[in-house]
Amino acid sequence: MATATAGPAGAEHLLDDGGNDGRTDLQLIHAQGPGSPDDRAALHDGLPDPFGVDGLGLVWADRQHSLTAVSGGRPVASAGWLLRDIAFDGSRRRTAGLGGVLVHPAHRGRGIARTLISVAVEHARAAGAETMVLLCRPELVPLRTQLGWSRLAVPVTFQQPDGVRTSPLTTMVFDLTGLPLPTVSVDLRGLPF
């Protein structure tokens with residue numbers, strides 16, 4: 001499993017992918033904005049729908065922050081997030097919306113996604129987020145649960161160009177400050193992430 005060294009926002013993190021020789025050959029780079037289009041294209045590796053959500057016809061929010069894992073000068077994984085006030089049971093909560101977690105097929109099974117998500121959680125905590133939220137396909141729920149995320153059992157709504165929609169994806173949260181899970185509803189108060 002890959003591990004990361006901590007560092008300030010905007011810094012590079014060195015990752016140890018557990019190789020036999022102990023060399024660190026991955027860097028985790030944090031940047032403002034949604035990340036490089038060239039990096040995203042390289043990670044998509046020609047797949048038309050690498051996240052498996054294009055058929056939902058959703059418009060997605062741009063990410064304010066991105067993490068990119070690089071090996072040998074090439075991107076091998078990425079994740080992004082944004083900060084937003086979201087309504088949990090009608091009350092405002094400062095939230096980091098995590099999305100765009102993708103590992104190139106040739107680099108899966110090394111714990112890189114776990115590391116990206118863990119580092120994103122720490123960045124969100126440092127930025128004052130109270131909770132993290134992600135929308136995911138059902139088959140990814142077990143991995144997120146292993147990382148300490150909880151599945152929501154309430155309706156989650158978000159904005160789309162044609163109005164408010166209920167999320168067709170599984171919504172999961174990671175509590176950063178000891179707040180309770182919602183019992184009635186969640187409103188993302190904007191586009192999904």
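Start with the largest pocket: 45 residues line it, and Phe51, Gly99, Gly100, Val101 and Leu102 are the ones nearest its centre. Select those five to find the place. The model is a predicted one. The volume of this pocket is about 1,000 Å³.

**Around the pocket**

Next, colour the elements that supply at least two lining residues each: helix H1 (37-44), E4, strand E5 (74-88), strand E6 (91-103), H2, strand E7 (131-136) and helix H3 (141-146). Which of them gives the largest share of the lining? It is E6, with six residues.

**Strand E6 and its partners**

Select 91-103, which is strand E6. Of its 13 residues, 10 are buried, so the strand is mostly covered. Now add strand E5, residues 74-88. E5 and E6 run antiparallel and are joined by 11 bridges. To see one place where they face each other, pick leucine 83, which stands opposite alanine 96 in E6. Then go to the turn of this hairpin, where two residues lie between the strands. Aspartate 89 is found in the hairpin, with a positive phi near 50°.

Add strand E7, residues 131-136. In what sense do E6 and E7 run, parallel or antiparallel? They run parallel, and four bridges join them. Leucine 98 is a good residue to click here: leucine 134 in E7 stands opposite.

**Helix H2**

Move on to residues 112-126, helix H2. Its end C-alpha atoms are 21 Å apart. This agrees with the expected span, because 15 residues at 1.5 Å a residue should cover 21 Å. The buried residues of the helix include Ile112, Leu116, Ile117, Val119, Val121 and His123. Just after H2, select glycine 128, where phi is positive, at about 95°.

Within the helix, stop at alanine 113. Is this residue buried or exposed? Its relative accessibility is 16%, so alanine 113 counts as buried, the cut-off being under 20%. Apart from neighbours within four places in sequence, alanine 113 is in contact with Val101 and Val103. Show alanine 69 as well: 44 residues separate the two alanines in sequence, while their C-alpha atoms are 9.4 Å apart in space.

**Threonine 68 in strand E4**

Select residues 65-71, strand E4, and within them threonine 68. With a relative accessible area of 11%, threonine 68 is buried. Which residues does threonine 68 contact, leaving aside neighbours within four places in sequence? They are Gln27, Leu28, Ile29, Asp39, Pro75, Ala77 and Ser78.

**A second hairpin**

Now select strand E9 (residues 156-160) together with strand E10 (residues 163-166). The two pair in the antiparallel sense over four bridges, and two residues lie between them in a hairpin. Click threonine 157, then threonine 166 in E10, which stands opposite.

**The whole protein**

Finally, zoom out and show everything. There are three helices and 12 strands in the protein. Of its 193 residues, 45% are buried. Among contacts with a separation of 6 or more, 66% are between residues 24 or more positions apart. With the surface switched on, the exposed area is about 9,400 Å², and carbon and sulfur atoms supply 51% of it.

Conventions:
Residues numbered from 1 in each chain as written. Predicted model: local features only at pLDDT ≥ 70, side-chain atom pairs only at ≥ 80, totals over all residues. Heavy atoms only, no water. Pairing = 2+ DSSP bridges. Buried < 20%, exposed > 50% of the residue type's maximum accessible area, 1.4 Å probe, protein only. Contact = heavy atoms within 4.5 Å. Areas by Shrake-Rupley, 256 points an atom, 1.4 Å probe, with all protein chains shown as cover. Expected span 1.5 Å × (residues − 1). 1 Å grid on protein atoms, 1.4 Å probe; cavity = no way out; pocket = protein on both sides within 12 Å on 5 of 7 lines; lining within 4 Å. Points joined across faces, edges and corners; volume = space filled by probe spheres on them.
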